[in-house]
Amino acid sequence: MSIVVDNIVSFIVCRFRSYLRGSQLRTTLPSGVFFLCTLLTANAQTPDTLKRTTLEEVSISAQRTPSETRTAAPTQVVDAEKLEHLGALLLSDALKQMAGVTIKDYGGVGGIKTVSARGLGSQFSAVTIDGIPVDDSQNGQVDLGRYLLGNSAYVSFSQGQEQGSLLSARAYAAGNTLNMETAEPQFWPGEHVKLKAGAEVGSFGLFSPTLTWEQRWSKRLKSSFFVNYLKSDGDYPFTLYYTASHNDSSSVERRKHSTVWMTTADGNLFYTIGEDNTLVTKVHYMRGAHELPGPVVFYTQTVSEQSSTEELAFVQSQWRVQRERWKLQVLGKLRYSYDDYTDSTANNDIYNEYRQREAYLSATFQRQLASWLDLTLAVDGDLSHLRSNLEKRNDVTRHTLLAAAALHSEFDFRRTKIEADAHLLFNDVVDRVADLDTLPTYRRISPFLSVMYSLGGGTTLRMFYKMTYRAPNFGELYFFQLFPRNLRPEQAHQVNLGITHVQQWETASLQATCDLYTNHVKDKIIAKPTTNMYYWSMENLGIVDILGLDATAEFHLSPFTFHLNYSYQHAVDHSKEGSKTYGHQIVYTPRHSGGASMRWENRWVNLGATLMVVGDRYSLAQNIEQNRLPAYCDLGLSADRKIDLRLGTLSLRLQVLNLLDTQYEVVRAYPMMGRNWKVNITYEF
């Protein structure tokens, strides 16, 4: 404790000296920092002492973000600067301007938020933090509303295959990967402590204070600590339409029973053991509660007394060693989670609780076989246990073993560069259920192949094929209030062909991508909410064929930046020819969607705008008018300003979201917020 106090006192004294001298501690040029540190040292020491003083060696580097154009599998990245410009608070906020990505938002700040891409469903999406999976064996989909972006370096979304030299076997198994990378603290020479405090307030009782503390304990050891509290009343107004066409009578109502609160604490240690030898450890804790609003059905809003509470805690570590001809990565994680559901409106009070425990261990080894060929071996083991208070099937354990062998080749051919990757993945899943004699087992070998061909002049062709195999999760198989279902594993065949282009001029730059893809899914599992957002209905559709196109473009002409994205998804049911749903678009999948953003940076007030457009969708399998959800457009405006003070930097940001007050639903009977605003104030020193 004394070390912490000494460092904080030194930090305050250093800032106070900076204030008295009328200069800032941080300058835009590192040479100015060295001059200031030398000047302060000279005033406090005699010339003889100064001769014996050696400045402490400090390395300053930025975290490398994944490339969007130099990868065989389409990858989209939102770095820390863009996250700040977007005013993104939750992990789901970072994905709204990504092509081919569908966010299912079940009602405002407190609603569940899941991600699906290219019609594959949220269970195909692996969510990782620092490359380590955030798993949920109960329902197979991660609520992105539980994770905040306050200390993130970037968020990346990779279709098909995540890029990287050391991937876990779990990363090879995913149909697509959403990764949130924790920001590693960076210090100027002479800095030991950095503090950032902020608060965000907004419509409908939104209040979210944040504190970030970064500390450099020694040359090799750094830490960061992030804590946040979020609360929202969620009592926003909405328009209640009396017909599906939205063209007849309507009335303005107010959402009820939607309060949410959540507390998050996240601590990180970054230790450099030696050259190219690092150890990173994260401890994460979250606790929250949600009131679950009832659906809006048949001209009325159901009065709900349903609620849930959640608790999540995990500790994870990543050890990496890199040498001239080989690399090694070891990942480990222990996780505990608890959630319950209460419904006091039923004839008999309902109280369900679920406790999950998980132990995860992964090892990846890469060896350079030749100057143009690398071999990678990865093995993952996972033990997940779920216990509930249900009368039957209340104790389930899943053993998962994943093993992958991968080859990476990179060579020049006729003055062009070719990169090729291939791997085989073995998937073995065994369940142990308390009241079942038969043990469900799922085994499969899945291949992957990708090629990237550089045409020169900043243009690259890319393609990949991947087969993905997904076993049903606990919730789909065992935990049903209504009746159990015998679900089959999903199999997806993904094919992608794309082109990327990068152009750089003296005062402008352009980055564009275009990818045509097809996904063939056998035994696709479709999840739909039933009586409320806690109970779901699952079924196998048999065969779903998806044909789509994703296109993105980012143009920068100082001081303006423009970003565009467009997605087309033709995702139809081909299970049984002649059925009422044959050839119909699958539920909650828009055929057309897109977005745009613009930012103008100037010395007065930076201005920005975001636009999100989503086409018609259907809430049930039949594409008839009664099941259609109308298209919608969501426009947002923002203004921000950074003010350099003598003791730090003050940041101000104002956002107006859904400026046109569009009334829309992402999920049938759960209306979203109309026009709302947010104000953020952050002080960094």
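How many bridges pair S19 with strand S20 (residues 373-388), and in which sense do the two run? Keep that in mind while you open this predicted model, and let's begin the tour there.

**Stop 1: the S18, S19 and S20 strands**

Select residues 373-388 for S20, then add S19, residues 350-370. S19 and S20 pair in the antiparallel sense, over 16 bridges. Two residues lie between them, and together they form a hairpin. To see one facing pair, click Phe365 and look across to Leu377 in S20.

Now add strand S18, residues 326-343, which is antiparallel to S19 and joined to it by 18 bridges. Here, pick Leu334 and find its bridge partner in S19, Ala359.

**Stop 2: an open sheet**

Next, show S1, S6, S7, S4 and S5. These five strands make an open sheet with mixed pairing, in the order S1-S6-S7-S4-S5. S1 (75-79) and S5 are at the edges with a single partner strand each, so one side of each has no neighbour in the sheet.

Zoom in on S1 and its antiparallel partner S6 (residues 152-159), which are joined by five bridges. Val78 stands opposite Val155 in S6.

**Stop 3: Val155 and the core**

Stay with Val155. Beyond its neighbours in sequence within four places, Val155 touches several residues, among them Val77, Leu83, Leu91, Leu95 and Leu178.

Val155 is also one of the residues with the most contacts inside the largest nonpolar core, which has 32 residues. Leu144 is another of them. Among the elements giving two or more residues to this core are S4, S6, strand S7 (176-182) and strand S10 (221-232). As background, nonpolar side chains tend to be buried together in soluble globular proteins.

For a second, separate core, select Tyr588, Met612, Val614 and Tyr664, which are included among its 13 residues.

**Stop 4: Asp130**

Return to the sheet and find the loop between strand S4 (125-129) and strand S5 (132-133), where Asp130 is located. Which side chain of opposite charge is nearest to Asp130? It is Lys282, 4.3 Å away; Asp130 is buried and has no salt bridge. The cut-off for a salt bridge is within 4 Å. Show the contacts of Asp130 too, including Asn179, Thr182 and Gln316.

**Last stop: two cysteines**

Finally, select Cys514 and Cys633. Cys514 is partly exposed, with a relative accessible area of 31%. Cys633 is partly exposed as well, at 25%. The disulfide count for this model is zero.

Definitions and conventions. Residues numbered from 1 in each chain as written. Predicted model: local features only at pLDDT ≥ 70, side-chain atom pairs only at ≥ 80, totals over all residues. Heavy atoms only, no water. Helix = DSSP H or I, 4+ residues; strand = E, 2+ residues; numbered from the N terminus. Buried < 20%, exposed > 50% of the residue type's maximum accessible area, 1.4 Å probe, protein only. Lys, Arg positive; Asp, Glu negative; His and termini not counted. Contact = heavy atoms within 4.5 Å. Pairing = 2+ DSSP bridges. Disulfide = S-S within 2.5 Å. Core = buried A, V, L, I, M, F, W, Y, C linked by side-chain atoms within 4.5 Å.
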